[in-house]
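Got the viewer open and the selection box ready? Let's walk through this one stop by stop.

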Amino acid sequence: MRRRAAAILHAHDSRRSDARQYPGAVSDLTIHSVLPPIRDKTVIELPGHWLVTAIAASLLLVLALMTHAQLELDPHNLINRLFAAIAVAGIIARIALRRPRTRAHRVARDGIDHVGLFALICLVGALASYPVAASTRGFEDFALERTDRLLRFNWLSWYDFVAAHPWLQFAESVAYQSIFVSPAILLGYFAYSGRRGEARLFIASFWLAAVVTLLLFTLTPAQGPLAYLWHGRIPYMPQSALYQAQVIPLLRHHEVHRVAVTSIHGLVCAPSFHTVSAVLYIIAAWPIRRLRWPLLALNIAMLLATPVEGTHYLTDMIAGAVVAVAASVAVRRGLLSLIEELQRPVPFDPLRTMLRRAPNHQLMHLLAMESSGGPRANAILHEIDRRGLDS
């Protein structure tokens with residue numbers, strides 16, 4: 001039938017003008033695609049259930065990994081119970097505010113959402129580092145330190161300078177511990193100003209960066225430069241101390257079985273998650289004029305404190321910055337583009353709608369009234385193929 005249709009089309013090529021007389025008013029139908037205007041990506045919201053599902057799946061996976069590594073949360077620790085009580089209270093409050101009646105209710109609802117999801121990512125990520133560390137083998141300090149030397153970075157000189165200046169030790173300690181100050185400011189501002197979409201993008205970027213960091217950690221476990229490079233009496237003990245060199249071997253030999261929230265230590269050397277966090281905070285704050293410069297200054301201070309206070313190689317920090325930028329681009333461009341496509345309505349095509357409703361014999365008659373190669377003819381031939389009339 002397809003060959004017959006093509007023959008009819010060719011034979012009636014000269015009858016294009018007569019088609020206007022056809023009762024079906026084919027000439028009145030025009031092919032067009034009514035595309036909706038492209039939405040501004042700043043107003044496209046990442047669905048909340050996507051985030052909840054991703055974080056919940058991460059939590060279940062981490063619990064499974066902890067079980068495999070013979071680890072568990074200490075059920076008798078009072079701080080663990082306090083965190084559990086806060087989580088339950090937050091869930092109850094969130095349910096009560098699911099339909100906010102006032103602006104204050106809306107701010108409270110969004111604040112609970114933002115802070116709750118962010119805090120859960122932090123907790124899950126910190127817990128995940130323990131079973132992940134237990135699965136690693138060896139240390140990669142030689143390769144990391146060698147890369148630092150190629151970059152002309154001398155960690156020992158940086159440490160000596162900090163150790164010789166008590167005021168700098170205090171300043172770096174405060175800056176390093178400010179890792180949770182920036183997200184508190186950002187998430188509070190997002191809730192207050194109703195920027196739920198931006199908050200979710202920031203949280204999604206943070207989650208993805210945490211996942212990538214943990215995956216890379218399995219490839220580059222390290223003791224840290226303080227344990228690897230410094231020998232002898234330690235004149236100044238940084239915030240992260242020697243936990244990587246001390247705790248990771250214990251985890252590998254299954255000598256640690258219970259973990260409390262208050263005893264969780266940073267075990268990831270490369271990439272540096274303090275660097276990941278600082279870069280993500282700067283990216284999130286940059287479009288906000290009133291927060292841009294204060295948070296930029298705060299996070300630059302944290303980055304300057306990271307080599308000593310976090311006992312990180314410069315290579316760790318560069319890797320962390322790359323992870324943060326990649327995660328942000330993946331979420332803000334890739335994921336937003338996907339959501340935009342999913343939310344784009346299907347354009348209405350009147351010709352295709354009419355052809356879908358036409359009986360088989362009328363399709364051949366319509367085709368006979370068209371010129372070869374025209375868009376209407378192609379649409380008719382496509383409908384013939386769809387129905388399998390050419391077989």
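Start by selecting Asp110 and Arg106: both are buried, where buried means under 20% relative accessible area, exposed means over 50%, and partly exposed is in between (1.4 Å probe, protein chains only). Together Asp110 and Arg106 form a salt bridge with the closest N and O atoms 3.6 Å apart; the rule here is a side-chain nitrogen of Lys or Arg within 4 Å of a carboxyl oxygen of Asp or Glu. The two sit 4 residues apart in helix H4, so about one helical turn separates them. Helices (H or I, at least four residues) and strands (E, at least two) are DSSP runs, numbered from the N terminus.

A word on what you're looking at: this is a predicted model, where local features need pLDDT of at least 70 and side-chain atom pairs count only at pLDDT 80 or more, while totals for chains, interfaces and linings use all residues. Residues are numbered from 1 along each chain as its sequence is written, and side-chain values use heavy atoms, with hydrogens and water left out.

**More salt bridges**

How many salt bridges does a search of the whole structure find? The search finds 9. Stay with H4 and select Asp113 plus Arg94, whose side chains meet in a salt bridge at 2.5 Å, N to O. Arg94 belongs to helix H3 and Asp113 to helix H4, so this pair ties together parts that are 19 residues apart in sequence. Colour the two by accessibility: Asp113 is buried at 17% relative accessible area, whereas Arg94 is partly exposed at 25%.

Next, select Glu72 and Arg258, a salt bridge whose closest N and O atoms are 2.9 Å apart. This pair links distant parts of the chain, with Glu72 in strand E1 (residues 72-73) and Arg258 in strand E2, 186 residues apart. Glu72 counts as partly exposed at 36% relative accessibility, and Arg258 is partly exposed too, at 45%.

For one last charged stop, pick Glu45, Arg196 and Arg200, which are linked in a network of salt bridges.

**A greasy bit of surface**

Turn on the surface and select Ile79, Leu82, Phe83 and Ile86, which make a nonpolar patch of about 360 Å². Patches take residues with over 30% relative accessible area and no salt bridge, joining like charges within 9 Å and nonpolar side chains (Val, Leu, Ile, Met, Phe, Trp, Tyr) within 5 Å. The areas come from the Shrake-Rupley method with a 1.4 Å probe, and for residues only the protein chains shown count as cover. Ile86 is in helix H3 (residues 78-96) and counts as exposed at 52% relative accessibility.

**Holes and hollows**

Now for the empty space. On a 1 Å grid over the protein atoms alone, a cavity is a set of points where a 1.4 Å probe fits but cannot get out; a pocket is an open set with protein on both sides within 12 Å along at least five of seven lines, and lining residues have an atom within 4 Å of a point. Grid points are joined across faces, edges and corners, and a volume is the space filled by probe spheres set on the points.

The second largest pocket has a volume of about 300 Å³. Its lining has 17 residues, and those nearest its centre are Leu61, Val62, Ala128, Val211 and Leu214. Helices H2 (48-68), H4 (103-134) and H9 (196-217) each give two or more residues to that lining, with H2 giving the most, at 6. By type, the lining divides into 14 nonpolar, 3 polar and no charged residues. Ala, Val, Leu, Ile, Met, Phe, Trp, Tyr, Cys and Pro count as nonpolar, Asp, Glu, Lys and Arg as charged, and the others, Gly among them, as polar.

Then select Arg352, Leu355, Arg356, Ala379, His382 and Glu383, the lining of the largest cavity. Helix H15 (350-357) and helix H17 (375-387) are the elements giving two or more residues to that lining. The cavity's volume is about 40 Å³, and its lining splits into 2 nonpolar, 1 polar and 3 charged residues.

**Backbone oddities**

Which residues does a cis peptide bond join? Zoom in on Ala270 and Pro271, where omega is about -5°. Pro271 is in the loop between strand E2 (258-259) and helix H12 (273-285).

Select Thr311 to finish: its phi is near 45°, a positive value in a residue other than glycine. Thr311 sits in the loop between helix H13 (289-309) and helix H14 (314-343), and is buried at 1% relative accessible area.
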